Amino acid sequence: MLRWQRAGLCAASERASGGAAFDHGRSPLGVGPRRPASPADARVALLSSTVVRGGDGRYYSTEQRPPSAQSDGADSKQQAAAVGGGGGADPEEARREGRTGTRQAWLRLFRLARPEYRLLGGAVGLLFVSSSVTMAVPFSMGRIIDLVTNAGAAVPFGLTLGQMFAGLGAVCVVGALANAGRIVLIRVAGERMVARLRRQMFGRIMHQDMGFFDRNRTGDLVSRLNADTAIVSKSITNNVSDGLRASISAVAGLGMMLYVSPKLTGIMLGIVPPIALWAVLYGRYVKKLSKKTQEALGDMTKVSEERIGNVRTVQAFSREAHETERFGREAQRILALAKREAIASGLFFGGNGLAGNLAILAFLGLGGRMVMQGDISVGDMASVMMYSGYVGMSLSGLSSFFSEVMKGVGAGSRLFYLLDREPEVDRNPGGVVVPDSEFVGNITFDSVGFRYPTRSDVPVFHKLSLEIAAGSHVAIAGPSGKGKSTIAALLLRFYDPLEGRILIDGHDLRDMDLAAWRSRVAVVPQEPALFAGTIRDNLLYGRPDATDAELIEALRVADAWYFVERFPLQMETYVGERGVSLSGGQKQRVAIARALLARPDVLILDEATSALDGTREARVLESLGRGSPWMGGKRMTVITIAHRASTLQRSDVVLVLGEAGAVVEAGPYAELAANQDGYFCRLMSAQTPEHTD
Ligand SMILES: Nc1ncnc2c1ncn2[C@@H]1O[C@H](COP(=O)(O)OP(=O)(O)OP(=O)(O)O)[C@@H](O)[C@H]1O
């Protein structure tokens, strides 16, 4: 029978670490020239009131109460206000978004089009040409009808009939060319606007803080980038052009009708507007139905994308039939909506045709009587009939113009909100940049308090204080969900602390130039995201100008070269989407190599060796400890977030996070493991199952 007892684990661990001494007496921060740290001098000092050093040289927590009990109500309310919202989507943000839109969207929409003023101006000019030709057609036709039905009539301007037709044909060609030119200019202007907007939007999204990404779904952001930009550009190019054309047609058509025959026009005004109004209202209803169908289609796409994307999980749980049935229900819902839409569309188009024909019949009845009474000529009647057709079409065109422009305003307000949104984490471009010659790399968390913006009622840290000496290898341990990864997120300034400060060589992280600081830090998460591309592409993401020798050296240090070398295409091997064609451990090591290529001063391994077996992990951590010649002999600060004893043992110092969001114990692994009653020992024992055979 083999029994791993709690005491046994901790005692065994101490032996494994060789009982390295931990010098608590020396200054934790060696400000000045950087020096390599050894287990003896690489050390962590705890400033927090929550952790004190006992007479026996160990560190103990003085405050075991949960943070919620420590902060009074007013304090927590203040913090909640500071992050602006409760759990889930941020209502405050959503409200701001709406307000920005309605107030300014109109003006800004047109300001967006300003860089395209030449193209748009040209398009408007061409629009006037083509509309003039179009509006002259019914009048000319009327005259031609009168000419050909009246034997004695003379051709205007002394032309022959053939010359007149040739002239009118030429005018039609000019009109067609102007129309074609207008469409090209409008489309090009629109596409240029879309490209510009998308570039700006993507840049703004890339620069947002992590709180923003916690609140917004990727799919929604992508849809803003793709769909909203297109809607906005369309609403101020195509729609404005169509709207302008419809307005010109309506006004000019009505004017011509009145000019040709005021009496017949009066009669037509009693027939056309009511029909146009009916068509507009019913058309809106049909459109609403079609929108519902589109939305249902979008839902179905989401479901299918997610399920097909996670087909391994679906098959592993034998849920294929269930998922098919669920998808079938979505498809059925779309079918029901589509049926309603089909009936409504049928009625709409049938009704429209009938109304149009009845209107023509009524017009012919009334107009024919006027012709017979000699009030108007046949040509005038034909002209008025054609103009009234144009006016009717223009009225319904104008109605859809307004709804399309309003759609553009809605999409625009969402875009403008994004374009205007300042990240909550200020990147501080003119901030402190510590030159390489002066950079040491001591890290201090000074009474840091933190809650995630989307979960402002749940404190993660309360007065967290710790120091990490430059060049040391520090491990962070603690129960799951107690904030180990959050330390990495704060160090990268994905979020800012709500209380306290994070100092780098004595400079508040918030005062430092963020890009310059981030260039000194590299993080490898547990499930590193590789981009679809080759191993080389992924490595070069760490440093685009790296030579082949440097890539191979980085792979060697990360213990990855031995398997990359064996791939037939070596570094040209395609890793698949998110690196699916590599094993978990291979992915982790390629990601470590990518991080190393950035030559960071601080390397954070967030469970980044969890998929490696013990031997491989030991190799990676050892070679990281040795450093690498091409890194200029630089010794990085390595912060390892880990659960496994084997990983923790390889650090100089282990920081143990407790239940209350603060460090409760710290010291070399051997020392912590030797304290059978300590928090660390209890934690490690709880993680290790007792095996009985
Ligand atoms: N983006 C986020 N938004 C809101 N809450 C978060 C977010 N990320 C983490 N949390 C919460 O913050 C707390 C700390 O999470 P963190 O990932 O730092 O824990 P951890 O100690 O690294 O856990 P594990 O060992 O399981 O990886 C957890 O309660 C978690 O639910």
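Here are five short exercises with worked solutions on this predicted model.

## Exercise 1: Getting oriented

**Task.** Find how many helices and strands the protein chain has, and what share of its residues is buried.

**Solution.** Start with the secondary structure: the protein chain has 23 helices and 12 strands. Next, turn to burial: of the 693 residues in the protein chain, 35% are buried. Finally, look at the contacts between residues at least 6 apart in sequence: 80% of these join residues at least 24 apart.

## Exercise 2: An open sheet and its helix

**Task.** Work out the strand order of the open sheet that holds β6, and name its edge strands.

**Solution.** Begin with the order, which is β4-β3-β6-β7, with antiparallel pairing in this four-stranded sheet. Then find the edges: β4 (459–468) and β7 (507–508) each pair on one side only. Now zoom in on one of these edges. Strand β6 (residues 499–504) runs antiparallel to β7, and two bridges join them. Within β7, H507 is the residue opposite I504. To finish, add the helix: α14 (residues 484–491) lies across β3 (443–451), β4 and β6, and runs at about 110 degrees to β3.

## Exercise 3: Around the ligand

**Task.** Describe the shell around the ligand by its closest residues, its classes and the element that gives the most to it.

**Solution.** First, count the shell: 13 residues surround the ligand. The closest are Y452, S480, K484, S485 and T486. Second, sort the shell by class, which gives seven polar, four charged and two nonpolar residues. Third, ask which element gives the most: α14 does, with three residues. This is the helix from the previous exercise, the one lying across β3, β4 and β6.

## Exercise 4: Strand β10 and its neighbours

**Task.** Decide whether strand β10 is largely enclosed or open, and identify the strands paired with it on the evidence of bridges.

**Solution.** Check burial residue by residue, using the cut-off that a buried residue has 20 or more other C-beta atoms within 10 Å of its own. Five of the five residues of β10 (residues 637–641) are buried, so this strand is largely enclosed by the rest of the structure. Both faces are covered: T637, I639 and I641 are buried on one side, and V638 and T640 on the other. Then look at the pairing:

- β5 (residues 473–477) pairs with β10 in the parallel sense over four bridges, and I476 stands opposite I641.
- β9 (residues 602–606) also runs parallel to β10, with five bridges joining the two, and V602 stands opposite T637.

## Exercise 5: A hairpin and the cores

**Task.** Trace the hairpin made by β11 and β12, then find which residues have the most contacts inside the largest nonpolar core.

**Solution.** Take the hairpin first. Strand β11 (residues 653–657) pairs with β12 in the antiparallel sense over four bridges, with L655 opposite A666. Five residues lie between the two strands, and G661 in the turn has a positive phi of about 70 degrees. Five of the five residues of β12 (residues 663–667) are buried, so β12 is largely enclosed by the rest of the structure.

Now move to the core. The largest one has 81 residues, and A593, V654, L655, V656 and F680 have the most contacts inside it. Helix α19 (residues 584–597) gives the most to this core, with seven residues. Leaving out residues up to four places away in sequence, F680 touches A477, V654, V656, E665, L672 and A673. A second, separate core has 23 residues, among them A105, L112, L127 and A411. As background, nonpolar side chains tend to be buried together in soluble globular proteins.

How values were computed. Residues numbered from 1 in each chain as written. Pairing = 2+ DSSP bridges. Contact = placed C-beta atoms within 7 Å. Axes fitted to C-alpha atoms, helices over the stretch in contact; angles between N-to-C directions. Core = buried A, V, L, I, M, F, W, Y, C linked by C-beta atoms within 7 Å. Buried ≥ 20, exposed ≤ 12 C-beta atoms within 10 Å, placed from the backbone. Near = placed C-beta within 6 Å. Nonpolar A, V, L, I, M, F, W, Y, C, P; charged D, E, K, R; others polar.
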